[in-house]
Amino acid sequence: ANPGKVFVHFRFMAEEHLRRFSEASHGITPVAGASSDWVAIEPAFGLLMPGESRTLVFSVHVRDAVARTLRHGMTALDRTLVLQVEGGNTIFISVTANCHPTAHGRTLAALATCPFPVRSAPITWTSAHERRLRTGILLPKEIWRLTGALYERLALGGRDQRPFVASGDDVQVLEIRECIDTGEALGEHLLAPSIAEALMQLLRSLAVPVIPPRIHQACVAGCESAENVWAALEDLPPAHLAVLVYLMAFL
């Protein structure tokens, strides 16, 4: 609110300005890397006339890059925002978001070796436990659940549905992601395009792609020879090879 008699400008400092501000020993530590863009402010700047008030909306967006930073057990995001008021005080606003564990942003090896839904996995479940687990199952349960549900819908409605071409319903996709994280059953009302979209989102979010960059470059370089491509694919980690073969067989 502006209780004064003159108009005032306000603006939240951009990330690059905040970094310079922190370097000037003002005690602010900006979030480094991809996690710096997880909070959005609307409006980020504006003008207040005398007697006018404005509501600021803070929205949290845990995108893939942010989710990858949370896969090692960290469940909270913290950031200090700096609001500058022209001719007035500088206001510091602390924003904290507590995040639920999610399958998105993890590695295929982590997903393949954890026998629990990620939301219910014990806190003590570590990478050391994952290495000691030898179930013989290299395909992440999240992927075979999604492909299994998609197969059922295609079997009922026919392959001409083209689920990877049609757009999925955003609300249904969010519901599917929640089911995958919690282990809840995927409802029959969920449509094939929405399941296909959820599957693609999961694959895009992986900390390391199904075909890692190094191997992908080797495949592109040797694309004229099937023998060279297969030789490159032999270097795929076991979980990556299992997912690739499974998805190619499914498609």
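Let's start with S2 and S4, which pair in the antiparallel sense over four bridges. Two strands count as paired here if DSSP finds at least two bridges between them, and the elements themselves are DSSP runs numbered from the N terminus: helices are H or I with at least four residues, strands are E with at least two. Bear in mind that this is a predicted model, where local features need pLDDT of at least 70 and side-chain atom pairs count only at pLDDT 80 or more, while totals for chains, interfaces and linings use all residues. Residues are numbered from 1 along each chain as its sequence is written, and side-chain values use heavy atoms, with hydrogens and water left out.

Now look along S2 (residues 39–42). In a regular strand the side chains alternate between the two faces of the sheet. Here Val39 and Ile41 point to one face and are buried, whereas Ala40 and Glu42 point to the other and are not. Buried means under 20% relative accessible area, exposed means over 50%, and partly exposed is anything in between (1.4 Å probe, protein chains only).

Cross over from Ile41 and you find Phe58 of S4 standing opposite. Phe58 is partly exposed, at a relative accessible area of 34%. Phe58 also brings us to the one aromatic pair in the structure. Its ring and that of Phe12 have centres 6.1 Å apart and planes at 90 degrees, so the pair is edge-to-face. (Rings of Phe, Tyr and Trp, the last by its six-membered ring, pair if their centres lie within 6.5 Å; planes under 30 degrees apart are stacked, over 60 edge-to-face, the rest tilted.) Since Phe12 lies in S1 (residues 8–12) and Phe58 in S4 (residues 57–60), the pair ties together parts that are 46 residues apart in sequence. Phe12, for its part, is buried at 7% relative accessibility.

Phe12 turns up again around Leu56, in the loop between S3 and S4. Leaving aside neighbours within four places in sequence, Leu56 is in contact (heavy atoms within 4.5 Å) with Phe10, Phe12, Glu42 and Pro43. Leu56 is partly exposed, at 28% relative accessible area.

S1 also belongs to an open sheet of four strands, ordered S3-S1-S5-S6 with antiparallel pairing. The edges are S3 (45–48) and S6 (90–98), each pairing on one side only. S5 (residues 76–85) and S6 pair over nine bridges, and Leu77 stands opposite Ala97 in S6.

What about the helices? The largest nonpolar core has 35 residues, and Leu108, Ile143, Leu146, Leu150, Ile176 and Val243 touch the most other members. Such a core is a set of buried Ala, Val, Leu, Ile, Met, Phe, Trp, Tyr and Cys residues joined through side-chain atoms within 4.5 Å. Elements giving two or more residues to this core include H3 (108–113), H5 (141–157), H6 (170–182) and H7 (192–205), and H7 gives the most, with six residues. A second, separate core of 15 residues includes Ile41, Val66, Ala97 and Cys99.

Back in the largest core, Leu150 is in contact with Pro163, Phe164, Ala192, Ile195, Ala196 and Phe250, neighbours within four places in sequence aside. Ser194 sits in H7 and is buried, at 1% relative accessibility. With the same neighbours left out, Ser194 is in contact with Gly168, Asp169, Gln172, Val173 and Ile176.
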